[in-house]
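Student: I should like to learn how to read side-chain contacts and surface features from a set of coordinates. Could we work through one case together?

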Amino acid sequence: MAGIAIALDLLRKNPSSYTAHSSGFLSAAAAASAAAASVAAGTPYAYKALFGNFRIPVVECDAGAAWSEDYASSFRTASEKFFQNDVLKYSTKEYKLELKPLFSAFEFRTLAMTTLRSFLLYFLPLLEPRTNLDEDDDDFLQEAHEEQHVDYVVPLKKSVKQICRETTIVTTRRILERIAVHHVSQRMAWKLLKDVPKSATRKAGRRMPTHVFFFSVSKTTFRGHILGVAASWIVQVAIEIYRFFNRLVNSKEVGDEVDPAEQVKLLGKKLSATTIKCSASLVFASVGAGIGAVLFRPSAGQWIGCAIGDLAGPVIVSSCIEKVFHIEI
């Protein structure tokens, strides 16, 4: 810019050596070159990084200055749109993590459902009618008149233990969710904590092929169900370890001799059985969720298939191992 200004001053001092047309031409060319230089200097740095160094063609005319100003303004506007507005369209995906309360298992609705399910599990068998059709009528009438005493203490204790077990499993899962949020990537934590039935509904809207949809729902269910199975495994292992030490302590107090080596083997067998059952529950729940989402509505089918697989998986695997390897689990 300084060199162009010096050249213009020299031309003004010696106007006789040049014609009016040549001086106008040089002034127009100089103005156009200056405008082009100012545009190049004022362009964003990111443009140079994307497109490299460039040269703007300059038209030799008297309207070069006006043309360069229009070009500069239009170029500056386009670059602002590119680096401000269009970047929002191609932003990275955000993973929203929604953590449930730590003590959500003790909320009124959840605790009421757990209590009702536990009492029905252990008290319904007591309501079954008991009839002996092979006996004589006299004996049948005598038993009908007799008072039948039913022991409600044992099922009550089992129901309370089941309530404590389920609330402990849910609370342990909430702790594992918070550990996952702080120690794994945000993307993986989002996959572990996502709502699987809603995810199955979103996947159904993408019009996937049947086998792709089945595999996708099964994989999502596996990730979303793994923390629950891990919490169940941790609680069951803790219970078995507590029973192991309780047997050793009680044997010393009572005076019964208990072989520690045999108790250790028994503990290892129970821990192995717990691990196999939890793994079977996870695998069968994932497969059942995929089958249910394909056969029925995606959301309800995924939930029903996951529940059925979670219950049936340990039973099927235990029976197969007992029949094939003759090992009781």
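The dialogue below takes up salt bridges, aromatic pairs and a surface patch in this predicted model.

Student: How many salt bridges does the structure hold?

Tutor: As a general idea, side chains of opposite charge can pair when their charged atoms come close. The structure holds four salt bridges. In one of them, the side chains of arginine 117 and glutamate 166 meet at 2.8 Å, N to O. Arginine 117 belongs to helix H5 and glutamate 166 to helix H7 (residues 153-183), so this pair ties together parts that are 49 residues apart in sequence.

Student: Is glutamate 166 buried or exposed?

Tutor: The term buried applies under 20% relative accessible area. Glutamate 166 is buried because its relative accessible area is 18%, whereas arginine 117, at 45%, is partly exposed.

Student: Which residues are linked with Glu177 in a network of salt bridges?

Tutor: The network links Glu177 with Arg173 and Arg174. Between glutamate 177 and arginine 173 the N to O distance is 3.4 Å. These two residues are separated by about one helical turn, because they lie four residues apart in helix H7. Glutamate 177 is buried at 7% relative accessibility, and arginine 173 is partly exposed at 24%.

Student: How should aromatic pairs be read?

Tutor: One takes the distance between ring centres and the angle between planes; under 30 degrees the pair counts as stacked, and over 60 as edge-to-face. By this rule there are four aromatic pairs. The rings of phenylalanine 119 and phenylalanine 123 are stacked, because their centres are 5.6 Å apart and their planes stand at 25°. Both residues lie in helix H5 (residues 108-123), four residues apart. Phenylalanine 244 and phenylalanine 245 form an edge-to-face pair, with 5.1 Å centre to centre and 75° between the planes. Phenylalanine 244 is buried at 8% relative accessibility, while phenylalanine 245 is partly exposed at 48%.

Student: Which residues form an aromatic cluster?

Tutor: Phe119, Phe123 and Tyr152 form one aromatic cluster.

Student: Which helix gives the most to the nonpolar patch?

Tutor: A nonpolar patch joins accessible nonpolar side chains that lie within 5 Å. Here the patch has about 830 Å² of accessible area together, and its members include Phe222, Ile226, Ile291 and Ile316. Helix H10 (210-254) and helix H11 (260-295) each supply at least two residues, and H11 gives the most, with six. Isoleucine 291 is found in helix H11 and is partly exposed at 40% relative accessibility.

Methods. Residues are numbered from 1 along each chain as its sequence is written. This is a predicted model: local features need pLDDT of at least 70, side-chain atom pairs count only at pLDDT 80 or more; totals for chains, interfaces and linings use all residues. Side-chain values use heavy atoms; hydrogens and water are left out. Patches are made of residues with over 30% relative accessible area and no salt bridge: like charges are joined within 9 Å, nonpolar side chains (Val, Leu, Ile, Met, Phe, Trp, Tyr) within 5 Å. Accessible areas come from the Shrake-Rupley method with a 1.4 Å probe; for residues, only the protein chains shown count as cover. Buried means under 20% relative accessible area, exposed over 50%, partly exposed in between (1.4 Å probe, protein chains only). Rings of Phe, Tyr and Trp (its six-membered ring) pair if their centres lie within 6.5 Å; planes under 30 degrees apart count as stacked, over 60 as edge-to-face and the rest as tilted.
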